[in-house]
Amino acid sequence: MFKVENAEYQSEPALPGRWLLALFLACFLPSATAQPKAYPYTVVTTVGMVTDIVRQVAADKATIVGLLGAGVDPHLYKPSRDDVATLMRAQIVFYSGLMLEGKMADTLVKLARTRPVHAVTELIPPETLLEPEEMPGHHDPHVWMDPAAWAQAVEAVAQALAAFDPPNAALYRQNATRYAEQCHRLRVYGQKVMATVPEARRVLVSSHDAFNYFGRAFGLRVMGVQGLSTESEAGLQHINELVDFLVRHEVPAVFVESSVPRKSIEALVQGAQARGWRVRIGGELFSDAMGPAGTYEGTYLGMVDHNLTTVARALGGEAPARGWQGKLSAAH
Amino acid sequence: MLARVLESLRSWEWALDGWIIVAGALCAAASALVGTFLVLRRMSMMGDAISHAVLPGLAVAFLVTGSRASVPMFLGAAVVGVLTALFTEWVRGVGKVDEGASMGVVFTSLFALGLLLVVQAADHVDLDPGCVLYGAIELTPLDTVTVVGREVPRVVVMLGAVFLLNLTCVLVLYKELQISSFDPALATTLGINARGLHFLLMTLVAVTAVASFETVGNILVVAMLVVPAATAFLLTRRLSVLLVLAVGFGVGSAVVGHVAALAVPAAFGYASTNTAGMMALTSGVGLLAAIVVTLLRRGQPLRIKNPPGSPLFVDGGGTVRVSGGGR
């Protein structure tokens, strides 16, 4: 941004005009710098899944401001004036990446000129990412659905914070390692409960294509009414195909998502009913947004635990009603 | 309530809000300069028509150059601006329909053509329809370019250039624009190329509309073109004063609009709202205030007296019957 060379102004006799100009320009100076001057420094994040892992890694060294609250759809989100004000106060910014934050991506790229901006998915090897058929050249952004992949995102956060704040690098690495371990343990739990679902029933039908990594990690066949982004509307033909599938394979349950309107899934249920197959709504899953802040479901681990437990139980598998660590709020 | 308003204004940041206001004010000023002539020539809706019709121009410019650089976009827009005016005239003459109908036919057809072109190139064109329709003035401070060693929002540079272009045209061609706006027949007998001026004006409107896409969007730019000029028109009959007042009202609505976008929702406990919408709304409220002032001043409800002999106020069955009483 602008450089106001204070030394030069001080060495000269004070000219009121110049001082006013300097003052005026100082108003336009960004308040953020590249290295933390004081603790806690300000980190701004986008979706809750990113906010949570940054919070776990940074601990009390940073104040973390998440822009997208519970139940907000990141594909369609547009930053408001207050969000821009928040972003301009940020000393370092983390977002999910892989075009998850569709409309915000441009904004974030521009922000990177003046402060570090990191996509937490930047360390994940591209060959392990899924590339959906309908969008060649683009990767499926819903990586957090596989806790093993998200553990790599945790690692990316640790590296970025270590570079930004070297004195605390060891702390960040230690926090990240501990958290990544929990991700792996949750993954083991998930595979165990999904294995109890009868094989023919391992099908996850939900509002949009957010669960491909989930399906790959836990051995489920995954189908969404809408495409990868919630921006595209579901075609009638696609809905009919899904209804056909539900009826033919006698799928017991379909799932709604907290950040996507229910109507497309309700269309499936009604469609199947008209064909004489009662499919029920197996529960609400957290796809692009986490549960309410302050609850276990409002954390990354809680969100995935909730999804695993809900899906396994609705499809006829065996999983503890209160989930992996017995922390889930309502009986599932 | 007051405390909440003050609280919201304490979040004021010059690096953000200052630039938003500068962008809004430049957009409003550039629009008001050309908008005044649209209002005087009773073709306010031409602004609406052109701001929609430029879409194929933008799409073709993109398809030809493969980039979203400003210069090809402006060229494409300018060409389509002139085409819109030409087609409108042609349809009116050949089809024997009135100006409004021919405008409606031409701009919807061009907009549809642009839509087809954009959809055809959908995967490559990063023209966000939401951004074009409503603008994104809140994001403008983030996208900066370096101008003489300073970081200035790109949009501010662009709007500043368009404002200067409009100002130069108006100053240089002031006399010609004045005569041809008030009496095209007289202008022609005086040897002024009224048709050429008409197309120049359409070009300026098109360029202004494109420059405003990123700030207020192509729907609300119509408000910026028409409302401040219409407000000023209620208060004065002198072209020079009219231009100054129109620009003043435009800039004023940008400033008040942004402050209101912060303060008004805060009064009811909400987060800040859309600045472009509040700017347009503010200018609308300004027009309402001007109507009230005019009525009070004349003491003559709903009748505005004509200055005798002014050809402008010979009412030809136009849409807004400002004149007509008291003669």
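A residue counts as buried here if 20 or more other C-beta atoms lie within 10 Å of its own. Keep that cut-off in mind for the close-ups below, which all come from a predicted model.

**Figure 1. Strand β7 of chain A, with both of its sides buried.** Welcome to strand β7(A), residues 253-257, where five of the five residues are buried. A:Ala253, A:Phe255 and A:Glu257 point one way from the strand, while A:Val254 and A:Val256 point the other way. The neighbour to look for is strand β8(A), residues 280-285, which pairs with β7(A) in the parallel sense over four bridges. Within this pairing, A:Val256 stands opposite A:Glu284 of β8(A). Add helix α10(A), residues 263-274, to the view, and the two strands and this helix make a right-handed β-α-β unit.

**Figure 2. Helix α7 of chain A and what its buried residues pack against.** How far apart are the end C-alpha atoms of helix α7(A), residues 169-194? They are 37 Å apart, and this agrees with the 38 Å that 26 residues should span at 1.5 Å a residue. An α-helix has 3.6 residues a turn, so residues three or four places apart point the same way. With that in mind, follow the buried residues along α7(A), among them A:Tyr172, A:Asn175, A:Ala176, A:Tyr179, A:Ala180 and A:Cys183. Further along, the buried set also includes A:Leu186, A:Arg187, A:Gly190, A:Val193 and A:Met194. The buried residues of α7(A) pack against helices α3 (48-58), α6 (147-164), α8 (212-218) and α11 (300-314) of chain A.

**Figure 3. Where domain 2 of chain A meets domain 3 of chain A.** Chain A is divided into domain 1 (1-29), domain 2 (41-190) and domain 3 (197-314). The C-alpha centres of domain 2 and domain 3 of chain A lie 25 Å apart. Contacts between these two domains involve 33 residues of domain 2 and 31 residues of domain 3. On the domain 2 side, the elements that give two or more residues are α3, α6 and α7 of chain A. Which of them gives the most? The answer is α7(A), with five residues. By residue type, the domain 2 side divides into 20 nonpolar, seven polar and six charged.

**Figure 4. The contact between chain A and chain B.** Here 17 residues from chain B meet 16 residues from chain A. On the chain B side, α2 (14-40) and β2 (150-153) are the elements that give two or more residues. The largest share of that side, four residues, comes from α2(B). Sorted by type, the chain B side has seven nonpolar, four polar and six charged residues. Helix α4(A), residues 81-89, is a good place to see both chains together: its buried residues are A:Arg81, A:Asp83, A:Val84, A:Ala85 and A:Leu87. What covers these residues includes β1 (41-45), β3 (92-95) and α5 (105-111) of chain A, together with α2 and α13 (275-298) of chain B.

**Figure 5. Two positive phi angles and one cis peptide bond in loops of chain A.** In the loop between β3 and α5 of chain A you will find A:Leu98, and A:Met99 is found there too. A:Leu98 has a positive phi of about 55 degrees although it is not a glycine, and A:Met99 has one of about 65 degrees, again without being a glycine. Are these residues buried or partly exposed? A:Leu98 is buried, because 20 other C-beta atoms lie within 10 Å, whereas A:Met99 has 16 such neighbours and is partly exposed. In another view, the peptide bond from A:Tyr39 to A:Pro40 is cis, with omega near -5 degrees. A:Pro40 sits in the loop between α2 (16-27) and β1 of chain A.

**Figure 6. B:Val156 and the residues it touches in chain B.** B:Val156 belongs to helix α7(B), residues 154-172. Why does B:Val156 count as buried? It does so because it has 23 C-beta neighbours inside 10 Å. Leaving out residues up to four places away in sequence, B:Val156 touches B:Trp19, B:Val22, B:Ala23 and B:Leu26. By contrast, B:Phe182 is 26 residues from B:Val156 in sequence and 33 Å from it in space, C-alpha to C-alpha.

Methods. Residues are numbered from 1 along each chain as its sequence is written. Chains are lettered from A and ligands numbered from 1 in the order in which they are written. This is a predicted model: local features need pLDDT of at least 70, side-chain atom pairs count only at pLDDT 80 or more; totals for chains, interfaces and linings use all residues. The expected span of a helix is 1.5 Å times one less than its number of residues. A residue is buried if 20 or more other C-beta atoms lie within 10 Å of its own, exposed if 12 or fewer, and partly exposed in between; C-beta atoms are placed from the backbone. Two residues are in contact if their C-beta atoms, placed from the backbone, lie within 7 Å. Ala, Val, Leu, Ile, Met, Phe, Trp, Tyr, Cys and Pro count as nonpolar, Asp, Glu, Lys and Arg as charged, and the others, Gly among them, as polar. Domain bounds come from an automatic or database domain assignment. Two strands pair if DSSP finds at least two bridges between them. A crossover is right-handed if, with the strands pointing away from the viewer, the path from the first strand over the helix to the second runs clockwise.
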